[in-house]
Amino acid sequence: MSEFVYMNGKYTEKENAVIPVMTHGFLYGTSVFEGIRAYYNSEENQMYAFRLEEHFERFLRSAKIMRIELAKSVDELCEITKELLKKNEYKTDVYIRPTAYKSNESVRTNMVGSTDGLIIFSVPLGETLDTTKGLNVCVSNWRRTSDNAIPPKAKIGGAYANTALVATDAKLAGFDEAITLSEAGEVMEGSTMNLFLVIDDVLVTTSSNCGILEGITRNTIIELAKNRGLKVEERRIQRSELYFAREAFFCGTSAQINIITSIDNRLVGDGKFGKIATMLQKDYFDTVKGKIPQYRKWCRKVYD
Ligand SMILES: Cc1ncc(COP(=O)(O)O)c(C=O)c1O
């Protein structure tokens, strides 16, 4: 059976969800998107969409920056997504990709008088990075886009050409992933993940106003860590701190929690999984599956 896709007001089969070649969003990356996961809990025969509202809140903020008007509320977007997942009758973990885009056909770059479209598709998705294996990462020689070029706070389609360069060149150089720096040389994040370090028993992550995407997984980890009694610091991070951190990990919706065991060919700590990262990784997986009552508030039931 072909999967359904939501496209501009209708649920249609994936093969029929196509855009014209001259679509502005396709030609110029004038689109915004979200990456959301829904987890299947087999014991309850239930699917839980993780922090769905927060994803759509960020989606609407990104859309505002790109002058995309969807005329849909967060609640409406959540309902459309729930309906889509129900139609696709999943019994597995899935990834949901809403995209709002400039849908007019034009070779002019300016967006004056443009029209807006909305597509939401979903695909079964397991791990995109092996969460049981330590990652060997490098510092990318590509810089993260700045707030005054393409704001990293928004998930803007065109900005992910930067991400594609970061991730691809890291792979081709033999690393699993990369850490980006700002033009000023401060530590930002991974290609599509935020970064946490453990320095002197403190969990350290880049402040949300330093030029990163403020990840929903990042905010989840901060709350899980504080509830475990850990001290968390959101601050500027210098490159040299990467090399003496005792533990390091990436987090993001798609990648989930990935423990980093080496950075620029230097071991992180003793090169093994650290205690704090391992504990938070487990807490995270239990949380997203709806297994921890305290965090059920973040899990939205899909099936009635
Ligand atoms: C650049 C970037 N940083 C961080 C993240 C992690 O964000 P989240 O946890 O909301 O998925 C993502 C993924 O959306 C991303 O694209």
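The legends below walk through close-up views of one predicted model. Residues are numbered from 1 along each chain as its sequence is written, and side-chain values use heavy atoms, with hydrogens and water left out. Because the model is predicted, local features need pLDDT of at least 70 and side-chain atom pairs count only at pLDDT 80 or more, while totals for chains, interfaces and linings use all residues.

**View 1. The ligand and the residues around it.** Let us start with the ligand, which has 15 residues around it. A residue is near a molecule or strand if one of its heavy atoms lies within 4 Å of it. Lys155, Tyr160, Glu189, Thr217 and Thr253 come nearest. By class, the shell holds four nonpolar, seven polar and four charged residues. Here Ala, Val, Leu, Ile, Met, Phe, Trp, Tyr, Cys and Pro count as nonpolar, Asp, Glu, Lys and Arg as charged, and the others, Gly among them, as polar.

**View 2. Oxygen atoms of the ligand and their protein partners.** This view is about polar contacts, that is, pairs of N or O atoms within 3.5 Å; within protein, one must be able to donate a hydrogen and the other to accept it, and residues adjacent in sequence count only if both atoms are side-chain atoms. The side chain of Lys155 places an N or O atom 2.5 Å from an oxygen atom of the ligand. For Ile216, a backbone N or O atom lies 2.7 Å from an oxygen atom of the ligand. In the side chain of Thr217, an N or O atom is 2.5 Å from an oxygen atom of the ligand. How much of the ligand does the protein bury? Taken alone, the ligand exposes 390 Å², and the protein buries 97% of that. Accessible areas come from the Shrake-Rupley method with a 1.4 Å probe; for residues, only the protein chains shown count as cover.

**View 3. Helix α5, residues 216-227.** Helices (H or I, at least four residues) and strands (E, at least two) are DSSP runs, numbered from the N terminus. The expected span of a helix is 1.5 Å times one less than its number of residues. For the 12 residues of α5 this gives 16 Å, and the end C-alpha atoms are 17 Å apart, which agrees. Which residues of α5 are buried? They are Ile216, Thr217, Arg218, Thr220, Ile221, Ile222, Leu224 and Ala225. Buried means under 20% relative accessible area, exposed means over 50%, and partly exposed is in between (1.4 Å probe, protein chains only). Just after α5, Gly229 takes a positive phi of about 85°.

**View 4. Cysteines without a disulfide.** A disulfide is a covalent bond between the sulfur atoms of two cysteines. Counting pairs of cysteine sulfur atoms within 2.5 Å, a search of the whole structure finds zero disulfides. Why does Cys138 have no such bond? The closest cysteine sulfur, in Cys251, is 19 Å from the sulfur of Cys138, too far for a bond. Cys138 counts as buried, at 8% relative accessibility. Cys299 is in no disulfide either, and the nearest cysteine sulfur, that of Cys78, is 13 Å away. At 10% relative accessibility, Cys299 counts as buried.

**View 5. Two residues with a positive phi.** Most residues other than glycine have a negative phi. Asn45, which is not a glycine, has a positive phi of about 45°. Look for Asn45 in the loop between β4 (36-41) and β5, where Asn45 is partly exposed, with a relative accessible area of 40%. Asp200 has a phi near 50°, again a positive value in a residue other than glycine. The loop between β11 and β12 (202-206) holds Asp200. Is Asp200 buried or exposed? With 67% relative accessibility, Asp200 counts as exposed.

**View 6. Ser191 and its partner.** Ser191 sits in the loop between β10 (187-190) and β11 (194-199). Ser191 counts as buried, at 9% relative accessibility. Its side chain and that of Glu177 are joined by a polar contact of 2.6 Å.

**View 7. Buried residues in a strand and two helices.** Met47 belongs to strand β5 (residues 46-50) and is buried, with a relative accessible area of 0%. His24 is in helix α1 (residues 24-28) and counts as buried at 0% relative accessibility. From His24 to Arg67 there are 43 residues in sequence and 13 Å in space, C-alpha to C-alpha. Thr163 lies in helix α4 (residues 160-172) and counts as buried at 8%. Thr163 and Arg143 are 20 residues apart along the chain, with 9.7 Å between their C-alpha atoms.
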